[in-house]
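Reader: Hello! I would like a close look at a single part of this protein, and then at the empty space inside it. Could you walk me through it?

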Amino acid sequence: MNAVLSASPPAFMHTLREHGLALPRTPLEILQINVGKLCDLACQHCHVEAGPKRTEIMQAATVDRLLELLAAAPDIHTVDLTGGAPELNPHFRTLVRESRALGKTVIDRCNLTVLFRPGQEDTAEFLAAQGVKVVASLPCYSKANVEKQRGQHVFDPSLRALHQLNALGYGEPHSGLELDLVYNPIGATLPPSQASLETTYRHELAEHFGIVFNRLFTITNMPIKRFLHLLEREGRYDSYMHTLLDAFNPQAALGVMCRNLLSVDWRGQLYDCDFNQALELPQGGRQHSLWDIQSFTDVEHDPIVFGDHCYGCTAGAGSSCGGSLA
């Protein structure tokens with residue numbers, strides 16, 4: 001995009017209009033559930049600012065209401081569980097079992113190190129038995145880069161967790177157990193080509209550590225929360241926003257995940273995506289919860305709430321919880 005940049009990039013909605021894009025909702029297919037902010041790590045790019053001291057956690061009544069609505073939503077094919085570390089929620093296994101019993105695909109967004117925390121000794125076996133897809137954060141194949149982003153003493157247990165998952169069949173051809181990895185840039189840059197980086201990951205992890213996986217997802221760092229604070233401390237917020245604007249891709253915009261996804265927070269409040277949830281921008285522009293709707297179809301015609309952070313999802317090849325978009 002060849003635009004003359006002012007001190008601040010133009011509002012995201014203005015950019016959409018410039019390109020003749022409206023981005024209405026499509027039928028709801030994915031329910032993404034943030035079951036709480038408790039996590040054993042405190043990564044610098046974490047947009048929900050999760051950590052070991054967070055106490056926000058989804059309660060049993062909210063899980064029950066979710067499952068009640070989900071049972072009446074045949075068009076929702078995927079339940080995407082995130083956090084924090086979702087496995088630390090005491091109702092995580094109930095949510096997984098019941099969602100699978102309803103025939104839904106279940107994704108566990110796993111930070112890997114959680115598999116070695118007290119009480120999690122059999123979590124990997126549970127995930128395999130339930131046929132849960134594991135999407136695991138591994139922002140690089142080198143120890144130095146991983147620990148720069150995620151903290152000291154994280155790389156080695158992450159590799160041990162991947163070996164444990166591989167031993168159960170995850171990432172192995174024809175096992176039916178999918179293991180995908182997630183890459184985030186260390187700094188204020190866009191991710192490289194997902195396809196080429198996946199090739200590099202596959203070679204490095206196999207050659208040096210004997211690890212296999214299915215796919216690599218590249219995800220852009222969103223200019224919100226912890227990463228925003230980092231940008232501001234380093235005086236790089238404006239330049240990063242200009243980087244995102246310069247790389248705005250209309251084709252990527254057409255595929256943004258908020259079009260067919262609904263995000264639910266630990267309290268049962270509804271949002272268009274996990275990033276809007278972190279910013280407390282409610283779905284449909286009004287605060288409402290699982291108890292305010294009769295069916296998930298009630299939200300399908302509501303407009304999506306956009307903000308300037310959405311440039312992160314539409315830059316370059318695009319970015320979503322499933323990796324690049326274009």
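Reader: Does Phe217 count as buried or exposed, and why?

Author: Happy to help, and please keep in mind that this is a predicted model. Phe217 counts as buried, because its relative accessibility is 6% and the cut-off for buried is under 20%.

Let us start with where this residue sits. Phe217 belongs to strand β6, which covers residues 215-218 and runs parallel to strand β5, residues 179-183. The two strands are joined by 4 bridges. You can find the pairing by looking at Asp180, which stands opposite Arg215 of β6. Between β5 and β6 the chain passes through helix α7, residues 194-209, in a β-α-β crossover that is right-handed.

Now to the company that Phe217 keeps. Setting aside neighbours within four places in sequence, its contacts include Asp180, Leu181, Val182 and Tyr183. Those four residue numbers fall within the range of β5, residues 179-183. Gln194 is another contact of Phe217, and helix α7 covers residues 194-209. The contact list also takes in Val135, along with Cys321, Gly322 and Gly323. Another pair to look at is Phe217 and Pro139: their C-alpha atoms lie 9.9 Å apart, although 78 residues separate them in sequence.

Next, the empty space. Rolling a probe the size of a water molecule over the atoms reveals where space is left empty. In this structure there are 4 cavities of 30 Å³ or more. The largest holds about 600 Å³ of space. It is lined by 34 residues, and those closest to its centre are His45, Cys46, His47, Thr82 and Ser137. Strands β3 (105-110) and β4 (133-137) and helices α8 (225-233) and α11 (274-279) each give at least two residues to this lining. Strand β4 supplies the largest share, with 3 residues. Sorted by class, the lining of the largest cavity is made of 19 nonpolar, 11 polar and 4 charged residues.

The second largest cavity has about 110 Å³ of space. Its lining counts 14 residues, with Val256, Cys258, Cys273, Cys310 and Cys313 the closest to its centre. Here the classes are 11 nonpolar and 3 polar, with no charged residues.

To return to your starting point, Phe217 is a buried residue of strand β6, in contact with residues that include Val135, Leu181 and Cys321.

Terms used
Residues numbered from 1 in each chain as written. Predicted model: local features only at pLDDT ≥ 70, side-chain atom pairs only at ≥ 80, totals over all residues. Heavy atoms only, no water. Pairing = 2+ DSSP bridges. Right-handed = clockwise from strand over helix to strand, strands pointing away. Buried < 20%, exposed > 50% of the residue type's maximum accessible area, 1.4 Å probe, protein only. Contact = heavy atoms within 4.5 Å. 1 Å grid on protein atoms, 1.4 Å probe; cavity = no way out; pocket = protein on both sides within 12 Å on 5 of 7 lines; lining within 4 Å. Points joined across faces, edges and corners; volume = space filled by probe spheres on them. Nonpolar A, V, L, I, M, F, W, Y, C, P; charged D, E, K, R; others polar.
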